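Colleague: I'm new to reading protein models. Could you walk me through this one?

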Amino acid sequence: MPAERSGAGDPVRTLELLWRLPEPSRRGPRPGLDLEAVVAAATELANSEGLDAVTMRRVATALGVAPMTLYTYLPGKAELLDLMLDAAYLRMTRTDSTGQPWRQRLRAVAGENRRLFAAHPWAAWISTTRPPLGPGQMAKYEHELAALDGLGLDDVTIDAALTHLLGFVQGWARTAAQVRAERPDGAGDDDRWWAKVGPLLGELLDPARYPLATRVGSAAGAAHGAAYDPAHAYEFGLARVLDGFAALIEPDPAPG
């Protein structure tokens, strides 16, 4: 399970911060620093060291201010996390796929999210079942819904289809990140591992007892050069997701 989730802070204050609404009842922020600078510093920390590195103290240190200074801008890390995620959404490149076939439009949406997670790996580990609902989130949602609009699907199905597509990309990004962490030297790490265990596995695994496992495993390993290939997994999985959507969008005609 993800260690973090959006929407975990004070909901009203979070929305005020996301939409940059003033809060007259509190002391004003320190001159010379703004909320954008706080979010940018936190994002840089998360990009380089992961979400665990993002604490109010670490962000304050990066900005050269006392930790308590940050609390004049936002209540705490939960609200900061929503601001970071929404800012990342706002900066996403959005492909204009108007008039293109629906598969191409959805491939573009998937690719945009894949690039988001490549630029901000930490974002893949945040549960967004309660989305931040800021301007970045809403711009992203509006743009992505357009890829499914006009295909004869009802609104609930459109939302469910988009959620399923984005869930696939997010799940893939998590696994791909784990693979990168386990293979700091790329495929060479797998090569060295297999070189060590291969001879013993050859003695332990009897093809007569495990005929499918040895045949299929050997074929996949030879094809990918590893037990798991993130690029192949992405393309294969995305194609299957789109094939599933085709059953809704392009149903077989009823037998005459």
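A short chat about charged side chains and helix packing follows.

Modeller: Happy to! This is a predicted model, so local features need pLDDT of at least 70 and side-chain atom pairs count only at pLDDT 80 or more, while totals for chains, interfaces and linings use all residues. Residues are numbered from 1 along each chain as its sequence is written, and side-chain values use heavy atoms, with hydrogens and water left out.

Colleague: How many salt bridges does a search of the whole structure find?

Modeller: Side chains of opposite charge can pair when their charged atoms come close. A salt bridge here is a side-chain nitrogen of Lys or Arg within 4 Å of a carboxyl oxygen of Asp or Glu. Searching the whole structure for such pairs gives eight.

Colleague: Arg103 and Asp243 meet in a salt bridge; how many residues apart are they?

Modeller: Their side chains meet at 3.2 Å, N to O. The pair links distant parts of the chain, with Arg103 in helix 6 and Asp243 in helix 11 (helices are DSSP runs of H or I, at least four residues, numbered from the N terminus). Their separation along the chain is 140 residues.

Colleague: Are helix 8 and helix 11 roughly parallel or antiparallel?

Modeller: Two packed helices are described by the angle between their axes and the distance between the axes. For helix 8 and helix 11, the axes are 10 Å apart and the angle is about 170°. Angles over 145 degrees count as roughly antiparallel and those under 35 as roughly parallel, so this pair is roughly antiparallel.

Conventions. Axes fitted to C-alpha atoms, helices over the stretch in contact; angles between N-to-C directions. Helix = DSSP H or I, 4+ residues; strand = E, 2+ residues; numbered from the N terminus. Parallel < 35°, antiparallel > 145°, perpendicular 65-115°, else oblique.
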